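I opened this notebook to keep track of what I looked up in one structure, and in what order. The entries are meant for someone who has not seen it before.

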Amino acid sequence: MNQDSDRTDNFTSADVTEAEEQKTTQAAEQKANSVADVVSPETLVVSEPPPQPDYPRYRVSPDELIRLADINPDACEHYKKKKDVEKELEIQRRRLAVLQERLYAENERSVLIVLQAMDTGGKDGTIKHVFRGINPQGCQVWSFKKPTDEELSHDFLWRYHRRAPRRGMITIFNRSHYEDVLIVRVKDLVSEEVWRQRYRVINEFEQMLTLDNIVVIKFFLHISKDEQRRRLESRLADPDKRWKFSINDVNERKLWDDYQQAYEDAINNCSTAYAPWYVVPSNKKWYRNLVIARAIADTLEAMNPQYPAAAEGWENIVIPV
């Protein structure tokens, strides 16, 4: 009796707190690990790796430090021209349409796709060409511009969190919460102490989304400075594209090196096992589209959404004449 009493006396509130913290941590880690498998989809759905195109080569591992200067934006594997990928891209679009329908019907999980790039990098083109054929009811795009006064009066994640996908949806962020460690850094809108803290906050935000059944995939569309110049000149030369041109594009181009460093640091600090970054060579738009389409389609297949069961007694229902 006295021995039991001693054991009880020695079991302090600190022990209880530590035990609870361990349980909480283990639960979060278990969920994150299961999502890590889904966002490395080739391990689950590709019978003979590597897949074609070999999108896993562009995923940044959590323990990896990349240099954008070392990644060739002209890379396109064995593909030579747009015609080489047209059939395969259509196959991936059809897969996306079917899997998106199942995700929407299941109504239990969702997908957040983040697109970031330098000006003219191809975010709009990616959305147009990869998601062609997707049911608009199950897909939503949000573009984030300069924050409003209301948005500035909240924490920096507020405007992004309120646009996170609801159950069953694919949501695409055309620019995203990463703007708050990119443009604010390059333009010196906040101190280094502030933007450096945000890397951790972003990782925690994305983990929170993951724990709430939102799969997060992030793509940086990597183009060269020469390619950006060609695309800007093309906009000026084509009357139907001039509306896309802004003198601000020229001003931002002067900060190319600063933005490259900011992107590099953001990717290195925020590519996690549960919310990975892909650095996709994007000088060749058709190759970019194929890589992203296959990566998303394989991720959805690894999620394996299912149509819900029919209502009980459906076989006895008679439709009135």
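The entries below go from the annotated domain to backbone features, aromatic rings and the surface.

**Ground rules.** I noted that this is a predicted model, in which local features need pLDDT of at least 70 and side-chain atom pairs count only at pLDDT 80 or more, while totals for chains, interfaces and linings use all residues. Residues are numbered from 1 along each chain as its sequence is written, and side-chain values use heavy atoms, with hydrogens and water left out.

**Domain.** I looked up the UniProt record, an unreviewed entry, and it lists residues 81-306 as "domain: Polyphosphate kinase-2-related"; such annotations may be inferred rather than shown by experiment, and the positions are in the numbering used here, with feature names shortened. Over residues 81-306 I found 51% helix and 14% strand, with the end C-alpha atoms 36 Å apart. Helices (H or I, at least four residues) and strands (E, at least two) are DSSP runs numbered from the N terminus.

**Backbone.** I began with a general reminder that most residues other than glycine have a negative phi, and most peptide bonds are trans. Where are the cis peptide bonds that I noted? One joins Pro49 and Pro50, with omega about 0 degrees, and another joins Gln52 and Pro53, with omega about -5 degrees. Pro50 is in the loop between helix H3 (42-45) and strand S1 (59-60), and Pro53 also lies in the loop between H3 and S1.

I then turned to phi and found that Glu77, although not a glycine, has a positive value of about 55 degrees. Glu77 belongs to the loop between S1 and helix H4 (86-106), and its relative accessible area of 25% makes it partly exposed, given that buried means under 20%, exposed over 50% and partly exposed in between (1.4 Å probe, protein chains only). Arg175 likewise has a positive phi, near 70 degrees, and sits in the loop between strand S4 (170-174) and helix H8 (183-186).

**Aromatic rings.** How many aromatic pairs does the structure hold? I recorded 9, where rings of Phe, Tyr and Trp (its six-membered ring) pair if their centres lie within 6.5 Å, and planes under 30 degrees apart count as stacked, over 60 as edge-to-face and the rest as tilted. The Tyr79 and Tyr287 rings have centres 6.0 Å apart and planes at 45 degrees, so this pair is tilted. That pair links distant parts of the chain, 208 residues apart, with Tyr79 in the loop between S1 and H4 and Tyr287 in helix H13, and both residues are buried.

Trp195 and Tyr199 form an edge-to-face pair, with 6.1 Å from centre to centre and 75 degrees between the planes. Both lie in helix H9 (residues 192-211), 4 residues apart, about one turn of the helix. Trp195 is buried at 6% relative accessibility, and Tyr199 is buried at 4%. I also noted that ring pairs link Tyr55, Phe219 and Tyr278 into a cluster.

**Surface.** Last, I looked at Ile317, which lies in the segment after helix H13 (285-303) and is exposed, with a relative accessible area of 57%.
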